[in-house]
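Reader: I would like to go through the cysteines of this chain, and to hear how each label is justified.

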Amino acid sequence: MVKVQRMGGVVLAAAVLLVAMVAMVAAELVPVMDKDLESEASMMNLYQRWRSVYNGSLDHVEKPSRFDTFKENARHINEFNKREDEPYKLGLNQFSDLTDEEFDSGMYTGALLEDTGNVSLSSGMIDDDDDDELLASAANKKVPCKWDWRRHGAVTPVKNQKKCGSCWAFGMVGAVEGINAIKTGKLKSLSEQEVLDCSGAGTCKGGDPYKAFDHAKRPGLALDHQGHPPYYPAYVAEKKKCRFNPRKHVVKIDGKRMMRDTTEAKLKCRVYKQPVAILIEANHAFSRYSKGVFTGPCGTRLNHVVVVVGYGTTTNGIDYWIVKNSWGKGWGENGYIRMKRNVRSKAGLCGMYMRPMYPIKNK
């Protein structure tokens, strides 16, 4: 265990983390090179290598059309990565044979916040401007220039929502795992399958992450199958009958808060306190990300929930957020993406400042 002294309290956090969790290295399991695009035969060879990693069970009936889409994506990735004016690279991953329309279907995202345009404070969504402690912290500039909760035992390994629009459950659970570890000193992996089955906040066709926090308050979240018994059955990317047993160990929170149209300074202060769930637009450009600091293009059509677990600055001065995704370790930088801070848009890159949300745990 390690002690971390900061902002009016002592946080106990687990010190033992896998090196892979903190290494900012892209997976790049199937790289694309010029020689791979020289002929139909070399392209097919690349496609077969990709299929062996990401999609080995593809139906042969679909193969011709999938191969055509794959070729278009591979060429785009190869050309983009030759550019020297972008601080990030693209790569082949599990989405590389999907058309833009297929990816946009919501099967791999799933955020359906009830009201993303006009949030009512009467519904329990509290504007961050009411948080005096946070404002004072921002004014006094007490937050460090970089922070990474993975290095302080508050982030579980990257998970995979698979072919299910359940990002709303993964984002909520990730934020609760973080605050629970900070408050108790014990990092516990919690069950997204339980949230999908029992919370009433959504299905594999999408859901409301803010509503899902109510389930973490009462009755609470069960451990997932990676924990020690008793635990909830393993995630299967499909909504099942609720099998929650309240008599078994659960993790609970005391409340929730939404930071309505916040600012970078306020979000930075909050992320220094705990991992924060955010809604973003995850478009096809986002889906192709491999490594570096992502700069878009993306808009504010909020359709995906991810978790901000830290922030930092590259050696050449580019400020970024450290964001945990739920598409497995084979995507991005071992399942993470670094998203640019200090952008011109008031909404932040991909709309990330529009609806951040976090759990409250007092003891």
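**Cysteines and their labels**

Reader: Why is Cys164 called buried or exposed?

Author: Cys164 has 0% relative accessibility and therefore counts as buried, since buried means under 20% relative accessible area, exposed over 50%, and partly exposed in between (1.4 Å probe, protein chains only). This is a predicted model, in which local features need pLDDT of at least 70 and side-chain atom pairs count only at pLDDT 80 or more, while totals for chains, interfaces and linings use all residues. Residues are numbered from 1 along each chain as its sequence is written, and side-chain values use heavy atoms, with hydrogens and water left out.

Reader: What makes the link of Cys164 to Cys204 a disulfide?

Author: A disulfide is a pair of cysteine sulfur atoms within 2.5 Å, and the S to S distance of Cys164 and Cys204 is 2.0 Å. The torsion about their S-S bond is about -90°, so this disulfide is left-handed.

Reader: How do you know which cysteines Cys198 and Cys298 are joined to?

Author: By S to S distance, Cys198 is joined to Cys242 at 2.1 Å, and Cys298 to Cys350 at 1.9 Å. By this rule the count comes to three disulfides.

Reader: What handedness does the link of Cys198 and Cys242 have?

Author: The link of Cys198 and Cys242 is right-handed, with 100° about the S-S bond.

Reader: Why is Cys298 called partly exposed, and what is Cys350 called?

Author: Cys298 has a relative accessible area of 23%, and is therefore partly exposed, whereas Cys350, at 1% relative accessibility, counts as buried.
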